[in-house]
Each structure stands twice: as structure tokens, then as C-alpha cells.
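Ready for a walk through a protein chain? Have the sequence and the 3D view open side by side, and let's go from the overall layout down to single residues.

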Amino acid sequence: MDNGEKYQDKLLNNKAILFGETDPDFAKFFADFAFDDVVNQNDLDDKTCMMAILATLIGCQGRKAFESILPDSLKMNVTPVEKK
């Protein structure tokens with residue numbers, strides 16, 4: 001299991017990739033970014049990775065994906081103030 005798969009399991013609790021059925025292009029982009037590009041940066045801890053993912057979702061107006069992943073950010077120790 002590589003870093004991306006480990007992070008995905010930790011983050012999503014084995015849930016399906018967000019929006020895979022309704023928006024497969026976005027789901028692929030999100031999965032590549034969140035579970036490959038971000039987590040394979042060796043100098044980022046879990047909290048920083050999560051904050052990068054949340055910031056990207058807000059930046060691309062991915063409100064539903066942001067809302068879906070927001071509760072899981074607690075597992076990565078992102079504080080409510082940091083989420084805001």
C-alpha cells in the first residue's frame with residue numbers, strides 16, 4: 001500500500017472517492033491531487049496535507065466536496081479556527 005492509499009484509508013474510512021459517479025472528471029482530479037500529489041510531498045505532515053486539500057477545494061469552489069471531507073479533517077488535528 002503506497003502513501004496515497006494509506007492516507008485515503010485514514011481520511012475517508014474506505015468510503016468511495018467523492019463524486020465518482022456524478023462527476024468522474026472532478027473525482028479523478030481530486031484523487032490525483034489529494035492522494036498522490038499532496039501526500040507524496042515528504043516534507044508535509046498529515047495536518048498540513050489536509051489543510052492544503054481543504055484550501056484547494058475552497059479555491060476551486062468544490063463546496064460539496066469540502067463539506068464532505070470537513071468532518072474527517074478532525075482526524076488530522078485541523079482546528080476549527082484553521083478550517084475557518
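Start with the big picture: the protein chain has 5 helices and 0 strands. Follow the sequence from start to end and the pattern reads α-α-α-α-α. Keep in mind that what you're looking at is a predicted model.

Next, think about inside and outside. Of the 84 residues in the protein chain, 33% are buried. The chain exposes about 5500 Å², and 52% of that comes from carbon and sulfur atoms. How about the contacts? Take the ones between residues at least 6 apart in sequence: 57% of these join residues at least 24 apart.

Now zoom in on helix H3, which covers residues 46-59. You can do a quick ruler check here. With 14 residues at 1.5 Å a residue, H3 should span 20 Å, and its end C-alpha atoms are indeed 20 Å apart, so the two values agree.

Which residues of H3 are buried? They are Cys 49, Met 50, Ile 53, Leu 54 and Leu 57. These residues cover an arc of only 135° around the axis, so they sit on the same side of H3. The spacing in the sequence fits a simple rule: an α-helix has 3.6 residues a turn, so residues three or four places apart point the same way. Turn H3 around and you'll find Ala 55, Ile 58 and Gly 59 exposed on the other side.

Let's stay with Cys 49 for a moment. Is Cys 49 buried or exposed? It counts as buried, because its relative accessibility is 2% and the cut-off for buried is under 20%. Cys 60, in contrast, counts as partly exposed, because its relative accessibility is 37%. If cysteines make you think of disulfides, a search of the whole structure finds 0 of them.

Just past the end of H3 comes a backbone oddity. Most residues other than glycine have a negative phi. Gln 61 isn't a glycine, yet it has a positive phi of about 60°. This residue is in the loop between H3 and helix H4. With a relative accessible area of 72%, Gln 61 is exposed, because exposed means over 50%.

Gln 61 has company in this respect. Asn 77 isn't a glycine either, and its phi is positive at about 65°. Where does Asn 77 sit? You'll find it in the loop between H4 and H5. Asn 77 counts as exposed, because its relative accessible area is 57%.

While you're in that loop, look at Ser 73, which lies between helix H4 (63-69) and helix H5 (80-83). Ser 73 is buried, because its relative accessible area is 0%. What is Ser 73 in contact with, leaving aside its neighbours within four places in sequence? The list is Met 50, Leu 54, Val 78 and Lys 83. Two names there should ring a bell: Met 50 and Leu 54 are among the buried residues of H3.

Finally, let's hunt for charge pairs. Side chains of opposite charge can pair when their charged atoms come close. How many salt bridges does the structure hold? There are 3.

One of them joins the side chains of Lys 47 and Glu 82, at 3.0 Å from N to O. This pair links distant parts of the chain, with Lys 47 in helix H3 and Glu 82 in helix H5, 35 residues apart. Lys 47 counts as partly exposed at 25% relative accessibility, and Glu 82 is partly exposed as well, at 34%.

Another salt bridge brings together the side chains of Arg 63 and Glu 67, at 2.8 Å from N to O. Both residues lie in helix H4, 4 residues apart, which is about one turn of the helix. Arg 63 counts as exposed at 62% relative accessibility, while Glu 67 counts as partly exposed at 42%.

That leaves the pair Asp 72 and Lys 75, whose side chains meet in a salt bridge at 3.2 Å from N to O. Here the partners sit differently with respect to the surface: Asp 72 is buried, with a relative accessible area of 7%, but Lys 75 is partly exposed, at 35%.

Methods. Residues are numbered from 1 along each chain as its sequence is written. This is a predicted model: local features need pLDDT of at least 70, side-chain atom pairs count only at pLDDT 80 or more; totals for chains, interfaces and linings use all residues. Side-chain values use heavy atoms; hydrogens and water are left out. Buried means under 20% relative accessible area, exposed over 50%, partly exposed in between (1.4 Å probe, protein chains only). Contact means heavy atoms within 4.5 Å. A disulfide is a pair of cysteine sulfur atoms within 2.5 Å. A salt bridge is a side-chain nitrogen of Lys or Arg within 4 Å of a carboxyl oxygen of Asp or Glu. Accessible areas come from the Shrake-Rupley method with a 1.4 Å probe; for residues, only the protein chains shown count as cover. The expected span of a helix is 1.5 Å times one less than its number of residues. The arc is that of the directions from the helix axis to the C-beta atoms.
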